Amino acid sequence: MTVTVLTDGKSVSVECESGERLLDVCARAGVLLCADCGGVGVCGKCRVRCTGGLSPADEEEISHLKSEIDIGIRLACKAKVVSDACVFVLQQKAEDIEIPNGVTVPNGVLCVDLGTSNICLAYSENGVTKGRSLVNPQCIYGSDVISRICASKDHLSALNSSVDILLSDFKADKRIISGNTVMQYIYCGIDPLPLGRSPYTNDEKFGKWYGDDYMLPCIGAFVGGDVVSGLYYALENGMIDGETSLYLDVGTNGETVLIHNGQMTACAAAAGPCFEGAGIECGMKASDGAIYSCSVSNGEIKCSSLGQGKAKGICGTGLVSIAACLLDIGQITDTGLLKDQVYSLCPDGSVYITRHDVRALQSAKAAIRAGIEILCKKASITPDMIQTVYLAGAFGEKLNTLHAVRTGLIPNVKTVKLGNSSLYGACMLSSDSSHFPKIKALADKIRYIELSDEEQFDEIYLSSMAF
Ligand code: FES
């Protein structure tokens, strides 16, 4: 039987067996749907519009979709193909990204920032260094590294080859791969299951070539090559220089490195998916229509969203900004209680924040702050002695830092945005081989703290919940 997938004005037809999930059929057609829950029918994010022969919706699907089901909406992870069908999907496009002046890649090398949600690339085209951002095709197995670890139990080779197929469109003799430890394990076809269970150690440290791929060195199970690469870029370019400072990459894990008196200590705090826009009722990735920031005007919240159209949802930085503004206008108390069950963010009420969303943000920021406090304790300093916070990655780039301070996500000190420093670090390696031993030496120097081993973590985490 045939399923036709329509997206962005294009149509792809794929042959499939009776009983295949639409989620998998769409993936085979090259259309990757958002599947925050890993395709178990919980998040409701894999909605598609369909016609044709599909299995009837079960109770769980009906409870998600309610009247939407009457207009042909289905959850792609629940609906199974029984005869020819047609699926309409709103697709996220690949995007060009800017590469800063001075960051270059030689011909024949592909630099890869292998993120859990997005894969960012830098490469040379006619002597000009170009950048591109693509959705990680593994996202159909869930939005965070824990879902990927779970999925790898049965689907390691599918996870591994999905990225390989994507990258094969970019011809290169060598690749420099910078990702979190789980992504690097899966990329190399190594079983990541040991990373997800106590004592959370990574036997493979990388910092070496795997065939034609150089894998950045990893510090711990949840502090990977992307952190080492980004930190190396900032240090080598003199951005971080002698001061007491914090390198922070916020995502589903808050990866943090404290630099003090020439010593470096790192940890990863499990923040959950809310900074990626997942697990939030109107949450979405930082793409067109996402509220990414807001301000207060005459006691009302004014939202800014990405792209041209109307707001469609809230991404991670938007969540931080909205909470800060609601604190300012007294709609959220210092303990985190949203006065009404729901606060609407647009005139038609289609985008809103709930009490549960605010609680998710509180838990996430408390985890990151607890990590920062523990690193400071290890260095016998207090967070107010940190002079600068260096924010890495796309979240840090869009984050309103005043709002981040207002919610308590980061200390009230100077901030510097580094952009996609993980990718830029990989680019440095691509153009000068003298960086390879130096970056390995940097990784060896960083001491890793496993927060789950820290007795004080729970106490500090709880005391960091309030705004
Ligand atoms: S409901 Fe989460 S992926 Fe379908």
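**Nonpolar cores and a three-stranded sheet**

In this predicted model, V3 is in contact with V12, S13, V14, C16, L22, V25, V81, A85 and V87, residues up to four places away in sequence being left out of this list. Apart from the core described below, to which V3 belongs, there lies another core, made up of 56 residues, among which are I353, I374, L409 and I410.

The largest nonpolar core comprises 95 residues, and the members that touch the most other members are V3, L22, C111, L121, I176, L231 and V257. Helix α3, spanning residues 145-167, supplies the largest share of this core, with 8 residues. At the level of domains, at least three residues of this core are drawn from domain 1 (2-89) and at least three from domain 2 (95-232).

A further element of the model is an open sheet of 3 strands, arranged in the order β17-β16-β18 and with mixed pairing. Its edge strands, each of which pairs on one side only, are β17 (300-305) and β18 (313-314). Strand β16, which covers residues 290-297, runs parallel to β18 and is joined to β18 by 2 bridges; the residue A290 has G313, in β18, as its bridge partner. Helix α6, formed by residues 316-328, lies across β16, β17 and β18, and the helix runs at about 20° to β16.

Technical notes:
Residues are numbered from 1 along each chain as its sequence is written. This is a predicted model: local features need pLDDT of at least 70, side-chain atom pairs count only at pLDDT 80 or more; totals for chains, interfaces and linings use all residues. Side-chain values use heavy atoms; hydrogens and water are left out. A nonpolar core is a set of buried Ala, Val, Leu, Ile, Met, Phe, Trp, Tyr and Cys residues joined through side-chain atoms within 4.5 Å. Buried means under 20% relative accessible area, exposed over 50%, partly exposed in between (1.4 Å probe, protein chains only). Helices (H or I, at least four residues) and strands (E, at least two) are DSSP runs, numbered from the N terminus. Domain bounds come from an automatic or database domain assignment. Contact means heavy atoms within 4.5 Å. Two strands pair if DSSP finds at least two bridges between them. Axes are lines fitted to C-alpha atoms, for helices over the stretch in contact, and angles run from 0 to 180 degrees between N-to-C directions.
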